Amino acid sequence: MHAFRLVRAAVFAVACVTASLAMHVLAGGSPVGPGVLVWAVLPTAAGAFVLARRRRGFGMLLGASFAAQYGMHLWFTSGAVPPSTGHEHGAGDLSTGLFMLLVHALMAVLSAHWLERGECGLATLLLLLFASVLTLLRWHAPVVRRVTLPAVPDDRVSPVTRLLAAAVSRRGPPAPSHAV
């Protein structure tokens, strides 16, 4: 079960760090090298692995996500290509710095929501995948029908049939006579 949790944490970390870097660059930050990206994925995956051990509340996940986003912002800024000397992406402009803060806050909220709803979403995804595979198998499976043998006339008469044949039923109106 730990391997499955590790794979889920790694996928989450790669998607989260990539989206965070994209939003960081869109907000005015400098791009980073692939090594910086790898070194951002490792602690994010470790944190997601630890947090995925049991169900956590949204508040705890949000706090962890904000801390991770703050760390990624600092890491991306220090690993910028070309190297930056401080926070040049804002260059003292309050609107750019505020936009950077909002971008990382949005990514923290999305990451926390993804972590919280991940179990339910994964279960739903696997259920839908299983149902669609079953539907495809049922649709392409050959139809097997029972072979029915033709009825063989049975010359033997059962005792019940003999008993009923000898019974006389006198219910109902009298039979019409055909005498003229």
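Hi everyone, let's start in the middle of the protein. The largest nonpolar core has 14 residues, and the ones that touch the most other members are Val 17, Val 32, Met 72 and Phe 76. Three elements give two or more residues to this core: α1, running 2-26, α2, running 34-51, and α3, running 58-78. Of these, α1 gives the most, with 6 residues. Please keep in mind throughout that this is a predicted model.

Let me step back for a moment to the whole chain. What is it built from? There are 5 helices and 0 strands, so to speak an α-α-α-α-α order when you read from the N terminus on. The chain has 180 residues, and buried ones make up 23% of them. Now look at the contacts with a separation of 6 or more: 84% of them are between residues 24 or more positions apart.

Back to the core, and to one of its residues, Met 72. Which residues does Met 72 contact, once we leave aside neighbours within four places in sequence? The list is Cys 16, Val 17, Ser 20 and Thr 44. Val 17 is another name from our opening group, along with Met 72 itself.

Now for the helix pairs, and I'll take α1 with α2 to begin. Their axes are 8 Å apart, and the packing angle is about 135°. That angle makes α1 oblique to α2. The crossing, as α1 passes α2, is right-handed. On the α1 side you can find His 2, Arg 5, Leu 6, Ala 9, Ala 10, Phe 12, Ala 13, Val 14, Val 17 and Leu 21. Facing them from α2 are Leu 37, Ala 40, Val 41, Thr 44, Ala 45, Ala 48 and Phe 49. If you sort the residues of this contact by class, you get 14 nonpolar, 2 polar and 1 charged.

Two residues are worth a stop here. One is Arg 5, which is found in helix α1. Is Arg 5 buried or exposed? Its relative accessibility is 11%, and because the cut-off for buried is under 20%, Arg 5 counts as buried. Apart from neighbours within four places in sequence, Arg 5 is in contact with Phe 49, Ala 52 and Arg 53.

The other is Ala 46, in helix α2. Ala 46 is partly exposed, at a relative accessible area of 41%. Ala 46 and Ala 9 are 37 residues apart in sequence, yet their C-alpha atoms are 7.4 Å apart in space.

Next up is α2 with α3. Here the angle is about 170° and the axes are 11 Å apart. The two helices are therefore roughly antiparallel to each other. From α2 we have Val 36, Trp 39, Ala 40, Thr 44 and Leu 51, and they meet Leu 61, Ala 64, Met 72, Trp 75 and Phe 76 in α3. This contact divides into 9 nonpolar residues, 1 polar and no charged.

The last pair is α1 with α3. How do their axes cross, and within what distance do they come? They cross at roughly 60° and come within 11 Å. α1 and α3 are therefore oblique to each other, and α1 passes α3 in a right-handed crossing. The α1 residues in the contact are Cys 16, Val 17, Ser 20, Leu 21 and His 24. Their partners in α3 are Gln 69, Met 72, His 73, Phe 76 and Thr 77. By class, that contact has 5 nonpolar, 5 polar and no charged residues.

Let me finish with His 24, which lies in helix α1. His 24 is buried, with a relative accessible area of 1%. What does His 24 touch, not counting residues up to four places away in sequence? In α3, His 73, Phe 76 and Thr 77 are among the residues that make the contact with α1, and His 24 touches those three. His 24 also touches Gly 29, Ser 30, Met 100, Val 103 and His 104.

To recap: α1 gives the most residues to the largest nonpolar core, α2 and α3 are roughly antiparallel, and α1 is oblique to α3. Thanks for listening, and do turn the model around while we talk.

Definitions and conventions:
Residues numbered from 1 in each chain as written. Predicted model: local features only at pLDDT ≥ 70, side-chain atom pairs only at ≥ 80, totals over all residues. Heavy atoms only, no water. Core = buried A, V, L, I, M, F, W, Y, C linked by side-chain atoms within 4.5 Å. Buried < 20%, exposed > 50% of the residue type's maximum accessible area, 1.4 Å probe, protein only. Helix = DSSP H or I, 4+ residues; strand = E, 2+ residues; numbered from the N terminus. Contact = heavy atoms within 4.5 Å. Axes fitted to C-alpha atoms, helices over the stretch in contact; angles between N-to-C directions. Parallel < 35°, antiparallel > 145°, perpendicular 65-115°, else oblique. Nonpolar A, V, L, I, M, F, W, Y, C, P; charged D, E, K, R; others polar. Left-handed = near helix turned anticlockwise from the far one by under 90°.
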